[in-house]
Amino acid sequence: MKVTDHIAKAKNSLFSFEILPPLRGHDIKDIFYTLDPLMEFNPPFIDVTYHREEFVYVEKENGLLQRRTISRRPGTVGICAAIMNKYGIDAVPHLICGGFNRQMTENALIDLNFLGIDNVLVLRGDPLKSEKSFFAQKDGHQYAVELVEQVQNLNNGKYLDNTFEQKDSPLFDFCIGIAGYPEKHFEAPNMESDLFFLKKKVETGGNYIVTQMFFDNQKYFSFVKKCRSEGISVPIIPGIKPITSKKQLNSLPSRFYLNIPHELVKEIEKAKDKKIVSHIGIEWAIQQSKELKDSGVEVIHYYTMDKPENIYKIVQAVY
Ligand code: FAD
């Protein structure tokens, strides 16, 4: 079922979460370990992130460097199939521009359709660690909006190559999620520009928005207000992540370009051990979630980052 249909059918605020494929060499059991406890709360859909390959440089015996391509977290589509098979819950694969050309994307969408997947979260992907800015694959997409257009074209029965015989009615009807940034995407020169391109993604076919994580609800409320005044009317699903370590006070802002409120930072800095940090993070996320739920958000989306115990405690307190 489409995410937008889950939202339309729901009487109360829903919750969903996002998981990462296990690291190469690990088992699908890691995923079930994350998901099993959360099934008690009947999540309507679960997102599975996509991780493109990276380049590493290995020194050879002769001292020269050899470039190797590695994919640390493969298996997004397989995990989606496993989730649907084991739990009967909609899985939402993330689909990115990076590393894909148009033909590869079309083939991936055909696979997803054959698996009975109804939703995709369409993203550009970040620049490779070895590169300063994002570069599209040859014959790939530079921006998420172009990928949204390709998915929407398939929804309208338009393949890349229309020379073969195809059914009269389109086979595809993907519900398309897109990303939004309450504190602005790091490359955007200003919020107005970022909203302009966000609106383009919606006009091209984006059916709902999932936000980057934030720790101050006022950032989300102000973002939603700006979106609405720009005429963006689709659901805007807030993304929440509990802080779990002191290290994250620096790593989250540098990785996701967000602010952590002073009050939260002060509390975490005072904490004597990891357990207390985790408790503070959970309590903060509970307060954020309660306020968001009371404000009438359709869904709250949790970033599990392989820590299901924390999400369990939050969802138990909020839902
Ligand atoms: P875009 O919408 O293409 O925007 C990128 C930047 O370009 C923005 O600054 C925007 O303002 C600007 N822009 C957009 N269109 C144009 C245009 N036509 N001309 C000029 N400028 C333009 N990454 C992964 O690799 N895998 C994942 O699974 C993943 N999941 C995510 C889930 C969520 C909910 C979020 C919020 C992010 C996720 N990301 C993931 C990270 C995401 O790929 C990065 O944030 C990426 O840098 C931007 O992706 P986007 O889809 O927002 O890009």
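User: Which residues of α10 are buried?

Analyst: In this predicted model, helix α10 covers residues 274-294. Elements that cover its buried residues include α7 (217-229), β9 (236-240), α9 (262-270), β10 (299-303) and α11 (308-318). The buried residues of α10 are Val 277, Ser 278, Ile 280, Gly 281, Ile 282, Trp 284, Ala 285, Ile 286, Gln 288, Ser 289 and Leu 292.

User: How far apart are the end C-alpha atoms of helix α10, and what span should its residues give?

Analyst: Helix α10 has 21 residues, and a rise of 1.5 Å a residue is expected. The expected span is therefore 30 Å, which agrees with the distance between the end C-alpha atoms, 30 Å.

User: Which residue caps the N-terminal end of α10?

Analyst: The cap is made by a side-chain oxygen that lies 3.0 Å from the backbone nitrogen of Lys 275. Beyond the helix, α10 is followed by Gly 296, with a positive phi near 95°. The residue that caps the N-terminal end is Asp 273.

User: Which residues of β10 lie on each side of the strand, and are they buried or exposed?

Analyst: In a regular strand the side chains alternate between the two faces of the sheet. In β10, Val 299, His 301 and Tyr 303 are on one side, with Ile 300 and Tyr 302 on the other. Five of the five residues of β10 are buried. Both faces are covered, and the residues on either side are all buried.

User: Which residue in β10 is the bridge partner of Ile 240?

Analyst: Strands β9 and β10 run parallel and are joined by two bridges. β10 also pairs in the parallel sense with β1 (residues 14-19), over five bridges, and there Ser 16 stands opposite His 301. For Ile 240, the bridge partner in β10 is Tyr 302.

User: How many residues apart in sequence are the parts that Arg 124 and Glu 187 tie together?

Analyst: Arg 124 and Glu 187 form a salt bridge, with their closest N and O atoms 2.8 Å apart. Arg 124 lies in the loop between β6 (119-123) and α5, while Glu 187 lies in the loop between β7 and α6 (191-204), so the salt bridge ties together parts separated in sequence by 63 residues.

User: Are Arg 124 and Glu 187 buried, partly exposed or exposed?

Analyst: Buried means under 20% relative accessible area, and partly exposed lies between that value and 50%. Arg 124 has a relative accessible area of 12%, whereas Glu 187 has 39%. Arg 124 is therefore buried, and Glu 187 is partly exposed.

User: Which distant parts of the chain does the pair of Asp 173 and Lys 2 link?

Analyst: The side chains of Asp 173 and Lys 2 meet in a salt bridge at 3.0 Å, N to O. The two residues are 171 residues apart. The parts linked are the loop between α5 (144-155) and β7 (175-180), which holds Asp 173, and the segment before α1 (3-9), which holds Lys 2.

User: Why are Glu 203 and Lys 199 separated by about one helical turn?

Analyst: Their closest N and O atoms are 3.9 Å apart, and the two residues form a salt bridge. Glu 203 counts as exposed at 56% relative accessibility, and Lys 199 as partly exposed at 26%. The separation is about one helical turn because the residues lie in helix α6, four residues apart.

Note on methods
Residues are numbered from 1 along each chain as its sequence is written. This is a predicted model: local features need pLDDT of at least 70, side-chain atom pairs count only at pLDDT 80 or more; totals for chains, interfaces and linings use all residues. Side-chain values use heavy atoms; hydrogens and water are left out. A salt bridge is a side-chain nitrogen of Lys or Arg within 4 Å of a carboxyl oxygen of Asp or Glu. Buried means under 20% relative accessible area, exposed over 50%, partly exposed in between (1.4 Å probe, protein chains only). The expected span of a helix is 1.5 Å times one less than its number of residues. Contact means heavy atoms within 4.5 Å. A polar contact is a pair of N or O atoms within 3.5 Å; within protein, one must be able to donate a hydrogen and the other to accept it, and residues adjacent in sequence count only if both atoms are side-chain atoms. Two strands pair if DSSP finds at least two bridges between them.
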